[in-house]
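Visitor: I should like to learn how to read the enclosed spaces inside a protein model. May we work through one together?

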Amino acid sequence: MSTAPDPTGSATEAAETIATPILIVGGGPVGMVLAMNLAALGVASLIVNSDPRPRWHPKGSTHNSRTMEHYRRLGLAEAIRRLGLPQDYPTDVGYFTRFTGWEIARLAMPSEGEKRRAVRAAQAADQVPEPILRCNQMYVERLLYEHLRSLVPVDCRFGWSCVDWQDHGDRVTAIIEEASSGRRAAIACAYLVGCDGGQSATRRKLGIRYSGEGPGGSEAYLDGPMVATHLRVPQFYRAVAAPRCWQYRAVNREVHTNTVALDGAGEFIFNSRLRSTDEKPDSAQIVRRFLASVGTPLEVEVIGHSTWIAGRALVAERFGLGRVLLAGDATHLFTPAGGFGMNTGIDDVANLGWKLAAMVQGWGGAGLLDTYESERRPIALRNTKAARRLGVSVSEVPIGAAIEEDSAAGRAARGETGAYLANFQPEFDSLGVQLGARYDNSPIVAADGSEAPPDDSDVYRPSACPGGRAPHLWLGDGVSLFDRLGRGFTLLDLSRGAAETRALEQAAVQRGLPLTRLPLASIAARDLYQRDLALIRPDQHVAWRGNRLPEDCAGLLDRVTGR
Ligand SMILES: Cc1cc2nc3c(=O)[nH]c(=O)nc-3n(C[C@H](O)[C@H](O)[C@H](O)COP(=O)(O)OP(=O)(O)OC[C@H]3O[C@@H](n4cnc5c(N)ncnc54)[C@H](O)[C@@H]3O)c2cc1C
């Protein structure tokens, strides 16, 4: 062992010194996808994750359409869609007094197989090439991890923690430590990104706080301390006669719980309320609560517990300082209603990935990284607010005293609760939240004077007005417009040869900016984009559009890259 240069300013023994452009702290879904986004643009990174293996405790089960588009861009969507529930398993949400009692309401939703068939039959201008996927995060994270380890530019170190770092203004140095051996390495990097979750030590060291709203202070379900318990219940489907659900929600005067199917073969994540944040999950009590939800005795194996807090809508006041940036739960904490938390984080690093690549490859300007916060923080505020709104309505479900009675009063109570619950569909599709993020006022978006569609949590209105997600189009044979976009910027040319594009291509070459020209002789595409040319960013947002190139192509590229 040698004594490495003293990168943090503290006396540190390290076996080696490693230089890498980007150090990613945290190998949850957000950190892993950031490393993949960087690798896709040819940028190396080193990622550390305290746990030696990817998470094997169930958490979120919703990968929304935007996240799936990002996975498609990385070539992973197909494989991810095969994980978790069987292809013919419905994704219905069923509300029951008890799962073997009365069914009060059901939000019917398609199986993965049905969604795939619908996509194959979709119109050319359909905007959802990648429907929302219900699959637990733990399965997806395992696949992400295996893929990450196959990527040459990624030095993937699970079982290692970042123990300290310093931002020197022109570089960052850090110390990482392997838990199993105590071995240390010194890291010298251009940027450090804290994807280290809700307890982010990176955020704390930066002195950045979350602000926003905490739980409402009631004792209701989805308002305050919760426990997610991983259960194996082999007899579940034999005992519960109701048509299969992806989520089984029990709503009665004794328990209000949520049981989410993981593999369709008897594994579940069971979410229930704790009395206080100090309460330790008690397996025997949680099993009793689960059985009270089912309504009949069953053999239950508890695999593990994990506690979490519902009802939060917290966003970090800054998304980084200097050369140290934050992403994912390190910048925002959601209540899981709607399933927006991880999805917002994956969209964060679609935004951040190309900007970091631009900086280390030299085609990003001095103002580019600042736009990460100015573009993404408003989206975090918007999405946490939408989730909290949905979460509050879940906490306020009316549960009449007679809800389990076989009587007129019972029928009336179930009718009232059922009518309330039948309005919950937005919790499960919110397409406006998923696809409607826009960066209209960003200094790196060239507005064209057209009006952006209004922001609506439920509805996504495709528009190539600069700032929004590039509208989608099927090009035939299952090929999406998104499959044809370059890894860097894309100049979409719908002019059928009428527009001269060389000046922009030359300006890109001069700057070392990766630009792909994509000519498409498609009337449908021209109708959708409303202009002959559109410049699409690496994160698939429209940066500029027009019928001819601007006089100053270099100026346009300077603008969209933050110079
Ligand atoms: C019950 C529940 C249901 C949910 N449902 C959904 C859903 O359906 N859809 C959705 O989008 N979101 C959902 N979420 C939220 C989602 O789980 C999180 O938003 C997501 O895991 C955040 O990912 P992340 O990578 O930012 O952080 P994390 O997943 O927390 O990963 C952070 C990683 O950093 C590591 N780490 C921390 N410190 C260090 C260090 N110093 N050095 C090295 N490694 C470190 C940790 O070990 C961890 O592996 C749900 C959450 C809960 C609790």
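Visitor: How do the residues of the lining of the second largest cavity divide into nonpolar, polar and charged?

Guide: Please note that this model is predicted. To read a lining, one sorts its residues by class. Here the second largest cavity has 4 nonpolar, 6 polar and 4 charged residues in its lining. That lining comprises 14 residues, and the volume enclosed is about 100 Å³.

Visitor: Which residues lie nearest the centre of the second largest cavity?

Guide: They are Asn64, Asn343, Thr344, Asn383 and Val433.

Visitor: Which helix gives the most to the lining of the second largest cavity?

Guide: Helix H10 does, with 4 residues. At least two lining residues come from each of helix H2 (65–73), helix H9 (341–361), helix H10 (370–395) and helix H13 (431–435).

Visitor: What volume has the largest cavity, and how many cavities of 30 Å³ or more are there?

Guide: The largest cavity has a volume of about 110 Å³, and the count is 4 cavities of 30 Å³ or more. Around the largest cavity are 15 lining residues, with Gly436, Arg438, Pro453, Tyr460 and Arg461 nearest its centre. By class, 5 are nonpolar, 4 polar and 6 charged.

Visitor: Turning to a single residue, with which residues is Leu515 in contact, leaving aside its neighbours within four places in sequence?

Guide: One lists the residues that it meets from elsewhere in the chain. Leu515, found in strand S24 (residues 515–519), is in contact with Phe489, Thr490, Leu491, Leu504, Glu505, Ala508 and Leu535, once those neighbours are set aside.

Definitions and conventions
Residues are numbered from 1 along each chain as its sequence is written. This is a predicted model: local features need pLDDT of at least 70, side-chain atom pairs count only at pLDDT 80 or more; totals for chains, interfaces and linings use all residues. Side-chain values use heavy atoms; hydrogens and water are left out. On a 1 Å grid over the protein atoms alone, a cavity is a set of points where a 1.4 Å probe fits but cannot get out, and a pocket is an open set with protein on both sides within 12 Å along at least five of seven lines; lining residues have an atom within 4 Å of a point. Grid points are joined across faces, edges and corners, and a volume is the space filled by probe spheres set on the points. Ala, Val, Leu, Ile, Met, Phe, Trp, Tyr, Cys and Pro count as nonpolar, Asp, Glu, Lys and Arg as charged, and the others, Gly among them, as polar. Contact means heavy atoms within 4.5 Å.
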